[in-house]
Amino acid sequence: MPMKLSLIAFFIFKISLATTLFIPTTDNFSTPSKPGFLNVLLSKLEIRPSDIKYFPFKRAVSMYISDSADTCFAGGDKIISQMYIPNFKEENFIYSRKYLKIPSKIFSLNKVYCKVSEIEGKRVLTTQNFPVEKFIQREKLKSISDINDFNSAYKMLKSNRGDVIVTFFPSVLETVKKLKFCRDESLIIHFDSIQCHNTPKNREFIKRINMKLDKLMNSGELKNITKKSFKQYGDELSI
């Protein structure tokens, strides 16, 4: 009996490894202590908490990229992968259905900027290592500083230590309300999905996730989760 139980425990452990999901922690979006949109979605997808590993953004990306086994990352797509993953090869990765639209914006205290050319000569703050150099040459900007989180970047704007924040649409809505940004234009729009290294176990995992995402989409529940999480911005971010 002990041997049988050991084998069962080992088998469960192996299955758990097949669904390890790296999550970049983001306020009001994906934190264990204060659940947001992604926490709710993962619960609906029936992904076990024991299979989820939360880390700060840079570490989560680094660990996922360096671990080419049966691991996945929540929040990836091909566009973003090409920006963040060195020597990106499309055939090495697979993706779930898209579940959230993420526009990238220019945020400021007093002025609406719709075009990246309008921030020439500005002190630019980014979060999550947003690759602003993909859109404007670094030498055309006064400075670029990557900040740990959106709230900290906002405080730097308030204390005149930066002119604009250029980043993905943040989940900290209380702070977003205090800033100006262009509703009609985005630097780029990408679509969050669960991204995995292309392995047999991960292909099966993505297949199961897609079936559950299809049900959430077809029932309208995914849209409801998005609107509840992002309130007045829900329609802009819904799939």
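# Close-up views of a predicted protein chain

**Figure 1. Helix α3 and its buried residues.** In helix α3 (residues 57-66), the buried residues are Phe-57, Ala-60, Val-61 and Tyr-64. Looking down the axis of α3, these buried residues fall within an arc of 95°, so they line one face of the helix. The arc is that of the directions from the helix axis to the C-beta atoms. Buried means under 20% relative accessible area, exposed means over 50%, and partly exposed lies in between (1.4 Å probe, protein chains only). Helices (H or I, at least four residues) and strands (E, at least two) are DSSP runs, numbered from the N terminus. What do the buried residues of α3 pack against? Their partners are the strands β1 (20-24), β2 (52-55), β3 (71-76), β4 (93-95) and β9 (189-197), together with helix α4 (78-84). A contact here means heavy atoms within 4.5 Å.

A word on the model comes next. This is a predicted model, in which local features need pLDDT of at least 70 and side-chain atom pairs count only at pLDDT 80 or more, while totals for chains, interfaces and linings use all residues. Residues are numbered from 1 along each chain as its sequence is written, and side-chain values use heavy atoms, with hydrogens and water left out.

**Figure 2. The whole chain, for orientation.** Before zooming in again, here is the setting: the protein chain has 9 helices and 9 strands. Its C-alpha atoms fill a box of roughly 70 × 40 × 30 Å, taken along the principal axes. A compact globule of 239 residues would have a radius of gyration near 18 Å, and the 19 Å of the protein chain agrees with that. The radius is taken over C-alpha atoms, and the globule rule is 2.2 Å times the number of residues to the power 0.38. Of the 239 residues, 48% count as buried. Among contacts between residues at least 6 apart in sequence, 73% join residues at least 24 apart. The chain exposes about 12700 Å², and carbon and sulfur atoms supply 53% of it. Accessible areas come from the Shrake-Rupley method with a 1.4 Å probe; for residues, only the protein chains shown count as cover.

**Figure 3. His-197 and Ile-94, a pair from two strands.** His-197 lies in strand β9, and Ile-94 is found in strand β4. How far apart are the C-alpha atoms of Ile-94 and His-197? They are separated by 6.3 Å, although the residues are 103 apart along the chain. His-197 counts as buried at 5% relative accessibility, and Ile-94 is buried too, with a relative accessible area of 15%. Leaving out residues up to four places away in sequence, His-197 touches several residues, including Tyr-64, Thr-71, Phe-93, Ile-94 and Asn-202. Under that exclusion, the contacts of Ile-94 include Ile-194, Cys-196, His-197, Asn-202 and Ile-206. Tyr-64 links this view back to Figure 1, being one of the buried residues of α3.

**Figure 4. Ile-147 in strand β7.** Strand β7 (residues 143-147) holds Ile-147. Is Ile-147 buried or exposed? Ile-147 is buried, with a relative accessible area of 13%. Not counting residues up to four places away in sequence, Ile-147 touches Leu-125, Thr-126, Thr-127, Gln-128, Ser-152, Ala-153 and Met-156. Ile-85, 62 residues away from Ile-147 in sequence, is 20 Å away in space, C-alpha to C-alpha.

**Figure 5. Helix α2 and the residue Glu-46.** Helix α2 (residues 37-44) has Phe-37, Leu-38, Asn-39, Leu-41 and Leu-42 buried. Glu-46 follows α2 and sits in the loop between α2 and β2. Its phi is positive, about 60°, although Glu-46 is not a glycine. Glu-46 is exposed, with a relative accessible area of 59%.

**Figure 6. Two further loop residues, Asn-129 and Asp-184.** Asn-129 lies in the loop between β6 (123-127) and β7. It has a positive phi of about 55° although it is not a glycine, and Asn-129 is partly exposed, with a relative accessible area of 36%. Asp-184 is found in the loop between α6 (173-176) and β9. At 72% relative accessibility, Asp-184 counts as exposed. The C-alpha atoms of Asp-184 and Cys-114 are separated by 7.8 Å, with their positions 70 residues apart along the chain.
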